[in-house]
Amino acid sequence: MNNKWNYQPLTRQQNEDAARLAEVCGNVDAIAELLIRRGVSTPDEARAFFSPQISDLHDPFLMPDMEKAVNRLNKAMGAKQRIMIYGDYDVDGTTAVALVYKYLQNYYSNIEYYIPTRYDEGYGISRKSIDYAAENDVKLVIVLDCGIKAIEEISYAKERGIDFIICDHHMPDEELPPAVAILNPKMPGSPYPCKELSGCGVGFKFMQAFAQSNGLTNHNELDSLLDLVAVSIAADLVPIVGENRVMAYHGLKRLNSNPNLGLRSIIRLCKLTNKDITISDVIFKIGPRINASGRMQSGIEAVDLLVSRDLHDAYEKGKDIDQYNKDRKELDKRITEEANAIIEQDVSIVQGKRSIVIYNKDWHKGIIGIVASRLTELYYKPAVVLTFANGLATGSSRSVQGFDIYSAVDSTRDLLENFGGHPYAVGLSLKEENIPEFSRRFEEYVAEHIQPSQLTPHIEIAAELEFADITPELLSQLQKFNPFGPGNSKPIFCTRNVFDFGTSKLVGKNLEHIKLELEDNSTSRVINAIAFNMAPYFEHIHAHKPIDICYTIEQTRHGRHHPDSIQLMIRDIRVSGK
């Protein structure tokens, strides 16, 4: 698949702003340009961007209903009512439950947590959980990372004398549940500045407000839980900008210095001990292991791990979750292969269409979201993957960059039993007989609203460099942009008319990768690079013909007694002049 390279030179005004940033950027032009593209245009903004401060976090009482939520929690604690912390079974939900439970445990003991099972209860608030709460004299439920659409369930709970505080970040409908308070930055008319908090982030803001209202001045008790928020931000792929950047920055510092015992066990199992843990490590190593608990068994095991107070106990729980992740990988691989085989046998599923809808009633419910992601990556079309569970076709959808899949699913709401999510990922359920009509109308909506440019992967180029620009100082300044993630992605650079030094070679089990040593006309220095799965370009490169490359700049670490070096991670190659 051909990528479209996007590079827009700075305007005259932007160049003037970049010049004013020179001192803050170590006089590295590419860094000033990169800041401008990230919306940073003054030296003070640059200093704040490079050194996020916890004091920069927003006042939690800017969120509508926060005062109501804090008052109801204080009332419950004053009356010694039993409180249940309830959350979704994914990483965001389990980290949120662990955070709120761990913090409140410092001040209150009549408290428990509950995670619904994916297979018996499904997503969101279940009647089974409400019956359990009533039987155990629970008077207040704090629900995290779900609940914004649970109108019938919370009405049922209210009849049974149970109050709910909803802490969610999914899109609300016009009709809202009859909760005591709804904390959600996406509520219509909300003045809260950061609209894209994770579910765990909303829980953190609630605890921040609770601390303020009760004069709790030991900020370390709350700040020490930011490692959980950082994991949720990374795993839920929320934009790492504004307040999320502050929490991710300080959460990663905690993750690297003194993580909670449950996360420490996962770090050990991932072989990340004594390594500089990044957002990428959370996305690809830590997050999937925590998620595997809810996918393969029960999300409550993830919370048990994250609230553990004994290192040995945490490590034993971590080993169980690590095994779930291994099982998940095998299942993921098999189901993805089956999905691709179905499409190869029936090309009408994708041919001439702008979307993919695929159904197999025997697929594992916990894996279909991952399979939807794989299909979206492979075909670069919005994808819905459905299976059968609890009497309904249940699915997960994933989108391509720039296309709002929530609106696409919403357009079929009369066919659905339930749905909810974000512009890039939505969960849904419907009657099996409605699948053909859902597929037809979903495709109709996508075909009408998606732009042709959204069906081609784009590479956004931050700056054009010559090899002479790639210096240790540039790399040092780039480190200040961490943590990288959505909204603050690792910058991709472009260099044109580069040549093989004469020593590049094919590597890999099937010689599918190229290990490159490259040069250009700006310097005599040779630059190392690696290009995964780009072997078709090798003959052209080996013939010493010019190429254009886009890449990220990486620091390769060779151990304590050896100097680090720079390596380019090639994202795409083009023949120069084409």
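Me: What makes strand β13 and strand β17 count as paired?
Reply: This is a predicted model, and everything said here is computed from it. Strand β13 (residues 492-500) and β17 are joined by 4 bridges. Pairing requires at least two bridges between two strands, so β13 and β17 count as paired. The two strands run antiparallel. F493 stands opposite Y551 in β17.

Me: How many bridges join β17 to strand β18, and in which sense do they run?
Reply: Between β17 and strand β18 (residues 565-575) there are 10 bridges, and the strands run antiparallel. The cut-off is at least two, so this is a pair as well. Here I547 faces V575 in β18.

Me: Why is strand β17 called mostly covered?
Reply: Of the 10 residues of β17 (residues 547-556), 9 are buried. A residue is buried when its relative accessible area is under 20%.

Me: What makes S411 buried, exposed or partly exposed?
Reply: S411 has a relative accessibility of 30%. Buried means under 20% and exposed means over 50%, with partly exposed in between. The value falls between the two limits, so S411 counts as partly exposed.

Me: Where is S411, and what is it in contact with?
Reply: S411 is in the loop between α17 (405-410) and β10 (416-421). Leaving aside neighbours within four places in sequence, S411 is in contact with R441 and Y445. A polar atom of the S411 side chain also lies 2.6 Å from the backbone oxygen of A408. Q212, by contrast, is 42 Å from S411, C-alpha to C-alpha, and 199 residues apart from S411 in sequence.

Me: Why is Q8 given its accessibility class?
Reply: The relative accessibility of Q8 is 58%. The limit for exposed is over 50%, so Q8 counts as exposed. Q8 lies in the loop between β1 (4-6) and α1 (12-20). The C-alpha atoms of Q8 and E460 are separated by 9.1 Å, while the two residues are 452 residues apart along the chain.

Me: Which strands stand at the edges of the sheet β7-β8-β9-β11-β10, and why?
Reply: This is an open sheet of 5 strands with mixed pairing. β7 (356-359) and β10 each have a single partner strand, so one side of each has no neighbour in the sheet, and these two stand at the edges. From one strand to the next, the twist averages 15°.

Me: What joins β9 to its partners on either side?
Reply: 6 bridges join β9 (residues 392-398) to β11 (residues 425-430), and these strands run antiparallel. In that pair, T394 has S429 as its bridge partner, and S397 stands opposite V426. β8 and β9 are joined by 7 bridges, also antiparallel. S397 stands opposite V384 in that pair. β8 and β9 form a hairpin with 2 residues between them, and N390 in the turn has a positive phi of about 50°.

Me: Why is β9 called largely enclosed by the rest of the structure?
Reply: 5 of the 7 residues of β9 are buried, so the strand is largely enclosed.

Me: What makes α15 parallel, perpendicular or oblique to α16?
Reply: Helix α15 (residues 311-345) packs against α16 at an angle of about 50°, with the axes 9 Å apart. Roughly parallel needs under 35 degrees, and roughly perpendicular runs from 65 to 115. The angle is in neither range and is not over 145, so α15 is oblique to α16. The crossing is right-handed. Residues making the contact include R328, D332 and I335 of α15 and I370, V371 and R374 of α16.

Me: How do you know which strands are the edges of the sheet β3-β2-β4-β5-β6?
Reply: This open sheet has 5 strands and parallel pairing. β3 (111-114) and β6 (181-183) each pair on one side only, which is what marks an edge strand. The twist averages 20° from one strand to the next. Inside the sheet, β2 (residues 82-87) and β4 (residues 138-144) pair in the parallel sense over 6 bridges. R82 stands opposite V138 in β4. Helix α4 (residues 66-78) lies across β2, β4, β5 (163-167) and β6, and runs at about 140° to β4.

Methods: Residues numbered from 1 in each chain as written. Predicted model: local features only at pLDDT ≥ 70, side-chain atom pairs only at ≥ 80, totals over all residues. Heavy atoms only, no water. Buried < 20%, exposed > 50% of the residue type's maximum accessible area, 1.4 Å probe, protein only. Contact = heavy atoms within 4.5 Å. Polar contact = N/O pair within 3.5 Å; in protein donor to acceptor, adjacent residues only side chain to side chain. Axes fitted to C-alpha atoms, helices over the stretch in contact; angles between N-to-C directions. Left-handed = near helix turned anticlockwise from the far one by under 90°.
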